[in-house]
Amino acid sequence: MPHISIVRFGLILAAALVLLAGLVTSALYLLRPQAQPVAEEFDKPVMATQIEFMADAMQRSAAQIAAHPQTLACFATTAPEVCQAQAANLHALNQEATVLFVSAGQRQLLPGFLPGDTRRLLTGADGDAAGATATATFNLALSHPVTSGGERLGFVIVEQSVPQLQALFDTLPLPDAAAYAELQQSQSDEAFMVLMRRGNQAIKRQGEPALIALAGTPWRIAVWRPVTPVAENVAPYVLGWLVASLVIAILVMGTTLSVRNRVTDNLRTMVKLTNDLRQQRLRSDYPVSLVEFQIPLETMLKLGKVMLGRQKEATSQARLDHLSKVNNRRSFDEKQKELFASLKDGWAHSLLIMDIDNFKQVNDTFGHEAGDQLIIKFGDALKTCLRNSDFIARLGGDEFCVLFPFTPLDRAQELADRLRAKMPESVELIPGVTQKLSWSGGLSEYSREDKEENEALARADAALLEAKRGGRNATRIKAA
């Protein structure tokens, strides 16, 4: 297997992260917002708001004039005195606006209204809806139909000058210092005439404009943004990727070197422990800085204590029964205490206590060596036939116990029956001596009502006694 150093691994990791940062940067560049925004992305400027407010006010004024009783009387009678009186009233109310009454059929001004240069306003008065026209002199004209009894009598045309239009357009906030803007007016052939210009007209050829319609008027604002060259768009992303790559390289290599130094120090500590064992001495402390080295070092230290004569201490901490190689009574007590403490969380646990049938007869007939072999073979059979999660322990003599963690009593009964079915019928104890393998069992469960953890063991022991009295080779159950 080829060897690889920690530093080389760090270099590979740094290169992979730099490549990943490049891919992320490329994705951000491709998903960036486009330089040319749509019209909805522009906030409506103050100019548009003011013009639309004026157009709305003129439209409401035209609607009120069209619905006025004296206006209806003028259209109905076409009497000069009626119309002239209404014209005088309207002029007195708003001297800056020109109001015209136009008949529906003949397209003529009603008496009392000076025709002047107003013939051009009649063109936009067709249809039932109000219309809006304008000229390059920055006059805004709106028309509103006059109806009576569902019949259209004519139109009211309101025309008002917008002298502040140039000043408003000059203060129009542009989205960019190099942007270009136009105030355009619609024509009869769906074309637009340019009334005003601002900015660098050369960028008009670079793309489509963003349009801001001025509601209620024939005007709109068109804004072009300069298109940034690709190199200028890419440069910030490339710079960001280079900075990120530098930071990644510094962090990864710094971490790698730190880990390498720590690993080297911990390996030296383990080498020091090995040398001390060879010289049959142990120090009070072998400090390590990495958790990954803590457990192996503790294991080596325990082995060292055994090698140096601390067999008694190591044996006292052993958890396995020396004969059957299953858990001993001390391990059983600790496991039982752990399971009993978990009952308050709602878990269910069961236990099965077992005695080997005719064990005393085997000892008396064939000797203790055969009895020991029966203990060993019985322990091996239990480990083979039970689940990995089941806890097997030898309590003493020929008495064994199986803890079924997180298993209710009915499920534990099924497991006990399956254990009895899977156990071998007989085992060879010593050459020429074969013994039938059978056992009696008592099954019970731990209960939250128990005051002590040994109460379940006592119930199982009582059930075991019933199984022995009933003829052995059977399992009795005693619930909580």
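This is a short talk on one protein model, going from the overall picture to a helix pair, a disulfide and one serine.

Okay, so first, this is a predicted model, where local features need pLDDT of at least 70 and side-chain atom pairs count only at pLDDT 80 or more, while totals for chains, interfaces and linings use all residues. Residues are numbered from 1 along each chain as its sequence is written, and side-chain values use heavy atoms, with hydrogens and water left out.

Let's start wide. The protein has 13 helices and 15 strands; those are DSSP runs numbered from the N terminus, with helices being H or I of at least four residues and strands being E of at least two. Of the 480 residues, 37% are buried, and buried means under 20% relative accessible area, with exposed over 50% and partly exposed in between, using a 1.4 Å probe and protein chains only. Now contacts, meaning heavy atoms within 4.5 Å: among those between residues at least 6 apart in sequence, 63% join residues at least 24 apart.

Next, a helix pair. How do α2 and α3 pack? Helix α2, residues 46–67, and helix α3, residues 69–77, meet at an angle of about 60°, and their axes are 5 Å apart. Those axes are lines fitted to C-alpha atoms, for helices over the stretch in contact, and the angles run from 0 to 180 degrees between N-to-C directions. The two helices are therefore oblique to each other; under 35 degrees would be roughly parallel, over 145 roughly antiparallel, 65 to 115 roughly perpendicular, and the rest is oblique. On the α2 side you'll find Ile-65, Ala-66 and Ala-67, meeting Pro-69, Thr-71 and Leu-72 of α3.

On to the cysteines. How many disulfides does the whole structure have? Just one turns up in the search, where a disulfide is a pair of cysteine sulfur atoms within 2.5 Å. Cys-74 and Cys-83 form it, with their sulfurs 1.9 Å apart. The torsion about their S-S bond is about 105°, so this disulfide is right-handed. Cys-74 is buried at 0% relative accessibility, and Cys-83 is buried at 0% too.

Last stop: Ser-324. Look in the loop between α8 (311–316) and α9 (329–341). Is Ser-324 buried or exposed? It's buried, at 1% relative accessibility. If you skip its neighbours within four places in sequence, Ser-324 touches Ile-375, Lys-383, Arg-394 and Phe-400.

That's my tour, thanks!
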